[in-house]
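Student: Hey, got a minute to go through a model with me? I'd like to start with the overall layout and then get into the rings.

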Amino acid sequence: MKSNPRRILSAMLAILVMTMVLGGCGEDDESNPVVSEPAVLMPLAVDNNWSYRKITISYVGGGSHDITNTTFQIEQDTIIGEDTWYTANDGEYINGNDGLNINYYYFLGTYGPVVYRYPASVGDAYINPANEGSSTVIVTDIAKPIDVMAGQFLCYGFKTVTGSAGVTWSRQIYFAPGIGRVLTKSYTIGEEDDTTLYVHEELTGYVLH
């Protein structure tokens, strides 16, 4: 039986097209890999440290700005119950199933755990303990670009509102998953719900182990 040149040519063209399609898919997979979300909101290991520039604003006497450079460092780990917590100068930290948990130090001991939920959805709202009473938390963002001195980061945002001794204040805190806390803005809330910024603290550098 004689071969049909047209059939042979059509078969070769079909093979060539399939090869190009499959090859193209492979290249797309390599250039556009699926990126999974980091496992934790804040990496915890001894000697991990984060540097910040903190601006404290005073409105007394015409207003002034006090600028300080601070370093936050994980100093050691310790066993509490059956869990390993990491201690810093302001409290004890652990990454739990519900997110970042913190037992904060204050003059009467500790309070917490304060939780920054991760993963979470925008609009999630819940209650955290505070020094006196409780603090409401709202997840405001889950992939917000935040520019600070250390660079640009995609961040989870948390807004907390706390009342104590007749004073109400709020914080807007941004964490970059896999990096840690990037930006904190603290506000006082007046009688007519007007807000006044009194602390702006942003990340300038970090070392993770």
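Tutor: Sure, we'll take the overall layout, then the aromatic rings, then a hairpin. This is a predicted model, where local features need pLDDT of at least 70, side-chain atom pairs count only at pLDDT 80 or more, and totals for chains, interfaces and linings use all residues. Residues are numbered from 1 along each chain as its sequence is written, and side-chain values use heavy atoms, with hydrogens and water left out.

Student: How many helices and strands are in the protein?
Tutor: There are 1 helix and 13 strands, and the helix comes before the strands along the sequence. Both are DSSP runs numbered from the N terminus: helices are H or I with at least four residues, strands are E with at least two.

Student: What share of the residues is buried?
Tutor: Of the 209 residues, 34% count as buried. Buried means under 20% relative accessible area, exposed over 50%, and partly exposed in between, with a 1.4 Å probe and protein chains only.

Student: OK, rings. How many aromatic pairs are there?
Tutor: The structure holds 11. Rings of Phe, Tyr and Trp (its six-membered ring) pair if their centres lie within 6.5 Å; planes under 30 degrees apart are stacked, over 60 edge-to-face, the rest tilted. One of the pairs is F72 with Y93, edge-to-face at 5.5 Å centre to centre and 65° between the planes.

Student: Where do F72 and Y93 sit in the chain?
Tutor: F72 is in strand 2 (residues 64-73) and Y93 in strand 5 (residues 91-96), 21 residues apart, so the pair links distant parts of the chain.

Student: And are F72 and Y93 buried or exposed?
Tutor: F72 is buried, and Y93 is buried too.

Student: Which residues do ring pairs link into a cluster?
Tutor: Y116, Y118, Y156, F158 and F175.

Student: Which ring does the charged end of R117 sit over?
Tutor: The ring of Y126, 4.0 Å from its centre. R181 lies over the face of Y52, at 4.2 Å from the ring centre. The cut-off is NZ of Lys or CZ of Arg within 6 Å of the ring centre and within 35 degrees of the ring normal.

Student: Switching to the hairpin: how do strand 11 and strand 12 pair?
Tutor: Strand 11 (residues 167-176) and strand 12 (residues 180-189) are antiparallel over 9 bridges; pairing takes at least two DSSP bridges between two strands. Q172 has K185 in strand 12 as its bridge partner.

Student: What's in the turn?
Tutor: The hairpin has 3 residues between the strands, and G178 in the turn has a positive phi of about 85°.
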